[in-house]
Structures are given as C-alpha cells and as structure tokens.
Amino acid sequence: MEGTVIKNTGSWYTVKLDDSADSGIIMPCKIKGNFRLKGIRTTNPVAVGDRVTVIPGQEGNGFITQISPRKNYIIRRSSNLSKEAHIIAANVDQAILVATLFHPTVSTTFIDRFLATAEAYGIKAIIVINKTDLCRGDEEREEYLDAITYLYRSIGYPVIHTSATTGEGIDELRKKLTGKISLFSGNSGVGKTTIINELIPGLDLRTAEISEIHDTGMHTTTFSEMFRLPGDKESYIIDTPGVKGFGTVDFDPREVSHFFPEIFEIGHNCRFADCTHIHEPGCAVRKAIEDHKIALSRYNSYLSITSDDTGSKYREAY
C-alpha cells in the first residue's frame with residue numbers, strides 16, 4: 001500500500017493511504033528499516049509530504065518500508081552544536097515564510113537564510129509579513145515595512161502583508177495557496193498558526209501569547225502536520241514548529257552566491273569567474289554594494305552563510 005505522510009510526531013508517522021474515498025484511510029505507522037538521505041544524518045529520516053510504501057501491522061497500525069524518490073525537500077541544521085540536519089518537509093510546491101517586523105522582530109538574516117535554502121532546493125518562496133496592524137499609524141514602522149517589502153520584491157520574491165486582527169491579506173494569501181502543497185515556516189510567535197486558523201475555519205490549532213520579557217514566541221506547534229484547505233482537493237498546508245535560528249546544511253561556500261539571485265546575476269561581471277565576492281579585486285558585487293544596487297543586509301547574510309562551516313555563526317542576530 002502507498003500513501004502520503006501527513007503528520008510526524010517523532011517515533012510515529014501518520015500516513016494517509018491512497019484511496020478513492022475523499023477522506024482516504026489514515027494509518028499510524030512506524031519505520032521498518034534504516035533510511036538515510038544522501039549520507040546526511042537527519043533527525044527525521046521520514047518527513048511530512050513523503051510518499052511512502054507501508055505494510056499493515058497489528059491493531060490498525062503499519063510499518064513504512066520504503067520512501068519514494070522526493071521531488072524536493074527543505075532542510076535545516078537541527079541545532080547549533082549538532083552535525084545533524086532536520087528535514088522540514090518534502091514534495092512541496094512552495095514555501096511560505098511568515099515573518100514579523102515587530103513583536104517579535106524577525107531579522108533579515110533569518111529571512112535570507114530561509115530564502116537561500118529554498119533556492120538551494122528548488123522551492124519557490126513567498127514572504128508573508130504578518131501583524132502589519134502593528135505598523136499602521138506609526139510613520140517610522142510604516143517606512144520600515146515599505147523598505148523591507150521593496151527590498152524583497154525588487155529581488156523577485158512575492159511579499160504579502162497580513163494581519164489576523166484586521167483580516168488584511170488573508171484572501172490574497174489564500175489565492176496563492178490554490179492547487180499547491182505549501183510549507184509554512186517561521187520564527188516562534190510570528191502568528192503562523194493564527195494565519196492557518198484563519199485559512200482553515202474550525203481547525204483551531206493552539207496558539208500562545210508572546211513573552212513580554214524577551215519578545216519571543218513560545219513553541220505551540222511541536223510537530224509537522226499537513227492539512228487540506230477547504231473546498232479544494234489539491235490545496236494543502238504543512239504547518240511546522242516555529243524555529244529560532246535557521247542553520248544551512250552542506251552549502252559549498254563557492255556556490256552560496258547562486259542562492260542569492262541579485263548577487264548571482266551581478267557576479268557574472270566580476271573579473272574572476274570564481275570570485276567569492278569577499279576579497280578579490282575587480283569584484284562587481286562589492287562595487288554594486290557601494291553603489292546601493294545590492295542591499296548590505298543581503299551581503300552580510302551571504303557572508304554569514306559562507307562561514308557556516310565554523311559551526312557558530314548561523315544563530316547569531318536572530
């Protein structure tokens with residue numbers, strides 16, 4: 001029997017078996033065998049979104065015996081000191097990064113690391129700036145919102161403003177999700193779960209208040225799970241636990257520029273074909289930064305990823 005993993009709680013995986021019925025058959029499963037992904041040590045060898053083969057066990061449970069080849073997946077380093085990686089989801093059509101500029105403040109470093117990872121694994125990314133109601137009526141905050149929006153739109157990323165409080169942008173976001181499997185990710189406390197509750201009435205996923213002391217979110221989503229959007233059999237959301245930092249995995253420093261579209265494009269004009277854009281003479285990228293054609297924040301994010309092999313850089317400045 002074959003099916004799709006729709007929930008991962010650690011040792012157990014919920015698989016929706018292929019079935020002619022609209023709802024399908026749900027089977028709790030464990031792993032049978034030893035799965036590895038291209039030699040990368042992962043904390044979860046099977047991820048939500050995986051297509052799998054299962055065999056029935058006892059009492060309605062089953063065993064996953066095989067993972068079908070993945071169309072794609074998105075992955076991050078599991079912790080600051082760990083060499084292991086965590087697969088966030090597999091076989092997705094797009095990744096929705098939910099970020100907030102205030103309460104909590106999400107750094108552009110975090111945003112850029114997520115976007116670079118999506119680029120590396122061939123996944124289209126959409127930026128959702130949530131809690132925009134906190135910016136309205138404050139000139140300084142509105143200017144910052146406009147600046148961040150312009151920055152990422154000028155690179156080519158769609159940016160949607162949302163507010164669960166006012167309803168802003170929810171319908172626009174819903175249209176972007178039609179007919180696609182969409183991964184939702186972001187820092188804890190940015191309102192990701194609240195948005196999903198707005199998109200799927202009656203789901204009522206648990207949310208929590210922001211810590212007033214540290215202005216950070218508390219983890220309420222503890223595992224990844226796939227939900228179908230109402231009224232469309234082809235539209236799914238994968239909700240994932242909030243993350244604090246986003247560590248990249250196995251990026252070749254010589255290829256990091258490929259995952260920053262504006263740096264990659266201007267890099268063709270560098271004097272040396274293998275320019276790292278760090279110290280070489282005749283670097284078109286550094287010249288573009290001086291001329292304000294590439295944002296300094298993006299370049300700093302690029303530098304932070306190229307130095308990820310030190311094992312201590314990736315969680316700074318979040």
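How many salt bridges does the structure hold? The count is eleven. The model is a predicted one, and the paragraphs below walk through some of its strands, charged residues and backbone features.

A good place to begin is the start of the chain. Strand 1, which covers residues 2-8, runs antiparallel to strand 2, and five bridges join the two. Within this pairing, Thr4 stands opposite Lys16 of strand 2. The two strands form a hairpin with four residues between them, and in this hairpin Gly10 takes a positive phi near 115°. On to the next neighbour: strand 2 also pairs with strand 3 (residues 25-31), again in the antiparallel sense and over five bridges. Here Val15 has Met27 of strand 3 as its bridge partner. Strand 2 thus has pairing partners in strand 1 and in strand 3. Is strand 2 largely enclosed or largely open? Strand 2 spans residues 13-17, and four of its five residues are buried, so the strand is largely enclosed by the rest of the structure.

The salt bridges come next. Side chains of opposite charge can pair when their charged atoms come close. One such pair is Arg51 with Glu2, whose side chains meet in a salt bridge at 3.9 Å, N to O. This contact links distant parts of the chain, since Arg51 belongs to strand 4 (residues 51-56) and Glu2 to strand 1, 49 residues apart. Both ends of the bridge can be described by their accessibility: Arg51 is partly exposed, with a relative accessible area of 27%, and Glu2 is partly exposed too, at 43%.

Another salt bridge is found between Arg174 and Asp171, where the closest N and O atoms are 2.7 Å apart. How many residues apart are Arg174 and Asp171 in helix 3? They are three residues apart, about one turn of the helix, which covers residues 170-177. Arg174 is partly exposed, with a relative accessible area of 30%, whereas Asp171 reaches 52% and is exposed. The cut-off for exposed is over 50%, which means that the 52% of Asp171 falls in that class.

Asp291 and Lys287 make a further salt bridge, with 2.6 Å between the closest N and O atoms. Asp291 has a relative accessible area of 36% and is partly exposed; Lys287, with 45%, is partly exposed as well. Salt bridges can also share partners, and in this way Glu2, Asp18 and Arg51 are joined into one network.

Charge also shows itself at the surface in another form. Which residues form a negative surface patch? The patch is made of Asp138, Glu139, Glu140, Glu143 and Asp146. One of these, Glu143, is found in helix 2, which covers residues 139-155. Glu143 is partly exposed, with a relative accessible area of 48%.

The last group of features concerns loops and the backbone. Most residues other than glycine have a negative phi, and most peptide bonds are trans. Against that background, the loop between strand 8 (94-100) and helix 1 (108-120), where Pro104 has its place, is worth a look. The peptide bond from His103 to Pro104 is cis, with omega near 0°. His103 is found in this loop as well, and its phi is near 55°, a positive value in a residue other than glycine. His103 is partly exposed, with a relative accessible area of 30%.

Asn91 provides another example of a positive phi in a residue other than glycine, with a value near 60°. Asn91 lies in the loop between strand 7 (85-90) and strand 8. Is Asn91 buried or exposed? Its relative accessible area is 11%, and Asn91 is buried. Pro69 sits in the loop between strand 5 (62-67) and strand 6 (73-77), and at 79% relative accessibility Pro69 counts as exposed. The C-alpha atoms of Pro69 and Asn91 are separated by 9.4 Å, and the two residues are 22 residues apart along the chain.

How values were computed
Residues numbered from 1 in each chain as written. Predicted model: local features only at pLDDT ≥ 70, side-chain atom pairs only at ≥ 80, totals over all residues. Heavy atoms only, no water. Buried < 20%, exposed > 50% of the residue type's maximum accessible area, 1.4 Å probe, protein only. Pairing = 2+ DSSP bridges. Patch = residues over 30% accessible without salt bridge, like charges linked within 9 Å, V, L, I, M, F, W, Y side chains within 5 Å. Areas by Shrake-Rupley, 256 points an atom, 1.4 Å probe, with all protein chains shown as cover. Salt bridge = Lys/Arg side-chain N within 4 Å of Asp/Glu carboxyl O. Lys, Arg positive; Asp, Glu negative; His and termini not counted. Charge placed at Lys NZ, Arg CZ, Asp CG, Glu CD.
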